[in-house]
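Student: Please take me through one part of this predicted model in detail, then follow the trail outward from there. I would like the strand pairing, the enclosed space and the charged contacts in one connected answer.

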Amino acid sequence: MRKLFFILFFLSFTTTAKVYDLSDPTVSLCNGSLTGNVYRCVGALILQKNDSVIVSNVDLMDVELISNGSAKLDSNKIGTNEQPIHINSLGGEVIIEGNGNEIYGFIIAQRNIKLKNVKVVGSIISAGGEVIIEGSNNEIDGNIQAQSNIKLKKIKVIGNVISHGDDIIIEENNNEIDGNIQALRNVKLKNTKVFGDVTSEGGEVIIEENNNQVIGNIMAHSNAKLKEVLVCGTITSIGGSVSVENDNNKIYAKIDAINSFGKVTLKNSEVCGVVSSQANIYDYLNTTLYCGIDSTTCIDKPACPISSSDDICNASPPSENYILTITPKEKYSLVCNDVEFNVLVMTDSGTPTPVIGKRITLQFDESKLTLLSSDLITDNNGEVTLLFSKLNKEKIEDIVVKASLQSDSNVTDEGEVHYVPYMFETSATKVIANQSHFFDIVVLACGNDEIDIVKNYKGTKRLDVSSYKLIQPTESDGIRTDFELSGQTNPSKIELIFDEGKASTSLMYQEAGAIHFTLSDPNFICPPNFDCNDYPVDSDLLSTTVNVESRPWKLVICSDIAVDGDSSGGSALVAAGERFSVKVKPVRFGTATDLCQLPVTQNFFKSSAPFSSISPSYELSTPTNGVKGTLAPLVPINNDVYVGVGRDSYYEFNNMTYSEVGSILFKSEALSPIFYDGILGGIEFGDLSIGRFYPAYFTITDTLWDHPEKQGSSEGTYTYMAQPFDDVNFAVTAYSESDTTVNNYGLFDTSIKASFSLTGDYNERLNIASSDLDNTHWSNATWETPDLSKGVIWSRKSASTLAGNITTTADGPFNDGVNAITTALNLAISGVDPVSFDKTQEVLEQELLSQPKVRYGRMVLDSVGTSAGQSVIVPLRVEFWNGGRFVVNDTDSKSSFDGEKHEKQTIWPDPTKQSSSKLVGRGVIVNGNDSISLIAEPDSRILREQVRFWLCLDPLSSIGGGSNVNCQGVSGSNEEQPWLQYNWRGQGDEDPSTVVTFGIYRGNDRILFRGESNIIGTSN
């Protein structure tokens, strides 16, 4: 009973793996929903162990599962071969752990992708981080791309491995890469087989440990360091050395085996091909050099021990990864003509690529055909051209040629040619959709086993025209449109005028792909003296199959919103780092002003249409001399992965972000090596200048109030009101949505850059005008004030104006001391584009990072007296208003004075007479005081007088209420400290003054001066 209880208890806490069907409207996965073929999560995508995600609706193809955050999987299965599901993480990493993970579809992330124990049928793309794949038994059937490092272990990749920004490192055992390896920096491989090229664009190629094979070329920007390796190709170092060491190294090439910039080191190696060093430095140990593979011109070295037919350099990945096709150049051929076939070998992957160096084998009836070609190895385009001659040139028949891979006969295809005694021959009918194209028709027949034109076939001929048949895409998949031949729409018969067996006519097909139709003359009679008279079969029928290959005119890039903005003007698009989308349409030929209004070639989108990959790229458009930002993701789209229906179909490059501001030239190119590239130069690429990208937000990143220095110190702590700051700096930085600084904003046209103004409490006291902070003062990505050195002051509080002078009243201090007034100075932002101090676009003011410390100050001279003929010390101090009263500014050791720069006025005995008394002495205030330097000296002619001295602080000073008394007439420079003036006498701010009385009575003098005022009751 206890055992049964335990079992029930355990089952009650065991969770069941879930199956999420994205096509089920009731499904609840990451609180998301399905729109079209996009299932969008509200937040992160997190699956529990053994959960699976499917799409049961067969009409929903290539569903995209988008997570705004991270995507975390654990032992899960996503999608199926028939119904793939693509994982796209827009805001975080993709992490897959556990065991037995199967992902049928792409994996795309803006950040890192970290996988363990996975099988992925689709490409893996990190637009902004690393790709790390660990664990064991990893298999990737697609490309791997990253902006940073790619680190792989125990892996098989059927596709290319490309790092656009860093290293590629492949380690541990039994690694196999069936594609090219390309890194911006270093490539480091261990125990790896590569069926493709290995390229380091900016660093080294390092291959170590054992069982390494590269069936392709190796190119290093710096050194190439190889150990225990088989290379079937050329090793190149364009800036370093080449070293091949350890044991059992084999380098096999047809011509060049090693091209090195520096030293070449070969140890325990067998090398076929030329070895060269620009430095002309070689180090060989136990190494044998041979001629190149199959070389017929090399005579100074032994023949290579292998031939091109040997398996060692024809090792290949499993056969199911390839597609072989064989097609005759012409479906119909005269019995006397040699026939050309084309064999093409491509990878069977999401992005088919030509397979180079594959040997093919042929099967055909050698009693009927003779093979004239000798080279049966695919070239750089994955192709082999075959030429056959018919043995019995009198027999009308159909002959089949079968081609297979030598390494696997299961990779095979067959082509058939129909031999006829006479035929129409047409010139190449490769056309652009909806563009009229002329082609020639010639009547050919065999005469004495030679091809000749039937010149007596002339005049007006009425020919039968069959309805055209869709070849690519297929009849069941493609759509049919009107077809024009010889100026008629969908004709069943046309009339052509032949002149000596030749005629010309026009053809226009509105769609893309491949079609064919039959032209025939049912009334044809074989002319005399031609071999066709010897053939009774079909002697009354002259016909040909016209094969038409058609491509879209061009790709056009379109947008539902205005994208015409750039760094000079136009419309704002989105903020830097904010997501945006563009459409790409393959369009028919046309003359519309807006190419986006042209009809699309609908058959181009079909799954059975010829393959094409729509590949995006971009360049910096504006500003000139700006920094090119990062546009991501840049993921090619296959031709059958599209949005919309029918004539409204298009390709969408969505959720892209651009890290900079300005505009870009967005490009799209159709890569179609199998079909479209061979039609009249290939599909014209599309480009469109897209912008304007503007800053997502601004932030005040520095506020500097550089207070005047103190005496003996390089750092001040406050500034007097009306005294210039040594420097003022408000730094504002522009950012992207991703919180990275943008570099190009300073290069924008002034009319569209953001402007700033000073706001907040007491902003009127700081004499910075909005024009000082306008949009002309940006520099690079950081906005700064203009050079306001010695120009920014904190204004004194203004009171009434008396006698034409400025009058201020004491207030403050500000931000300095116990009784200080706290200010809140802000910058306010405005602009043509959306501007804000945060991402909400709603914060239009931001407080400066620090506030200035300012004091209301004044310089004080005490009034003094002395006996006749004696000089006297005039006490001097600097005070500031502490919020309640004036106190000595004991932190001032900078203010200075010069007694010689003074003005004076006689008070007594005769105000109309000028006194010869004077002030002398100069110095610097120490701790707010001076008690010894400033001295009043008497007029030696007058024993007794009273004089007011003004200590001039400003060359523009005027003395309130005085008669012809001002400091402007004082010779020499003034101390220029107007911030220490004060309204001493209720007549406006003026320089500090002292009243000095010369000749006063002192109690220890035993003398009376006759006439001394009020001593003996007189009035003088």
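Tutor: Strand 46 covers residues 398–405, and strand 47 covers residues 408–420. The two pair in the antiparallel sense, over eight bridges. One residue pair shows the register: isoleucine 399 stands opposite valine 417 in strand 47.

This pairing sits inside a four-stranded open sheet with the order 41-47-46-43. The pairing in that sheet is mixed. Its edge strands are strand 41 (332–334) and strand 43 (360–363), and each pairs on one side only. Neighbouring strands of the sheet are turned by 35° against each other on average, direction ignored. In general, side chains in a regular strand alternate between the two faces of the sheet.

Now the enclosed space. Probing with a sphere the size of a water molecule shows where empty space is left between atoms. The count here comes to one cavity of 30 Å³ or more. The largest cavity has a volume of about 50 Å³. Its lining consists of Glu330, Lys331, Tyr332, Met423, Phe424, Glu425, Thr426, Thr544, Thr545 and Asn547. Two strands, strand 48 (422–426) and strand 59 (542–551), each supply at least two residues of that lining. Strand 48 gives the largest share, with four residues. By class, the lining has three nonpolar, four polar and three charged residues.

Strand 59 deserves a closer look. It is mostly covered, with seven of its ten residues buried. Strand 58 (residues 513–521) pairs with strand 59 in the antiparallel sense, over nine bridges. Within that pairing, threonine 518 has threonine 545 as its bridge partner in strand 59. Thr545 is also one of the residues lining the largest cavity. Strand 49 (residues 430–432) pairs with strand 59 as well, but these two run parallel and are joined by three bridges. There, isoleucine 432 stands opposite arginine 551 in strand 59.

A second sheet follows further along the chain. Four strands form an open sheet in the order 60-61-65-63, with antiparallel pairing. Strand 60 (554–558) and strand 63 (631–632) stand at the edges with a single partner strand each, so one side of each is left without a neighbour in the sheet. Strand 63 is joined to strand 65 (residues 651–658) by two bridges, and the two run antiparallel. In this pairing, alanine 632 stands opposite threonine 657 in strand 65.

Threonine 657 leads on to an open space. The second largest pocket has a volume of about 510 Å³. It is lined by 25 residues, of which Gln110, Gly577, Thr657, Ser659 and Ser738 are the closest to its centre. By class, that lining has five nonpolar, 14 polar and six charged residues.

Last, the charged contacts. A search of the whole structure finds 33 salt bridges. One of them joins the side chains of aspartate 166 and arginine 185, at 3.0 Å from N to O. This pair links distant parts of the chain, 19 residues apart. Aspartate 166 lies in the loop between strand 21 (161–163) and strand 22 (168–171). Arginine 185 lies in the loop between strand 24 (181–183) and strand 25 (187–190). Is each partner buried or exposed? Aspartate 166 has 15% relative accessibility, under the 20% limit, so it counts as buried. Arginine 185, at 40%, counts as partly exposed.

Aspartate 939 and arginine 941 form another salt bridge, with the closest N and O atoms 3.0 Å apart. Aspartate 939 is buried, at a relative accessible area of 2%. Arginine 941 is exposed, at 60%.

In a further pair, lysine 301 forms a salt bridge with aspartate 300, and the closest N and O atoms are 3.8 Å apart. Lysine 301 counts as partly exposed at 25% relative accessibility. Aspartate 300 is exposed, with a relative accessible area of 63%. Beyond such pairs, Lys368, Lys390, Lys395 and Glu397 are linked in a network of salt bridges.

Methods. Residues numbered from 1 in each chain as written. Predicted model: local features only at pLDDT ≥ 70, side-chain atom pairs only at ≥ 80, totals over all residues. Heavy atoms only, no water. 1 Å grid on protein atoms, 1.4 Å probe; cavity = no way out; pocket = protein on both sides within 12 Å on 5 of 7 lines; lining within 4 Å. Points joined across faces, edges and corners; volume = space filled by probe spheres on them. Nonpolar A, V, L, I, M, F, W, Y, C, P; charged D, E, K, R; others polar. Pairing = 2+ DSSP bridges. Axes fitted to C-alpha atoms, helices over the stretch in contact; angles between N-to-C directions. Salt bridge = Lys/Arg side-chain N within 4 Å of Asp/Glu carboxyl O. Buried < 20%, exposed > 50% of the residue type's maximum accessible area, 1.4 Å probe, protein only.
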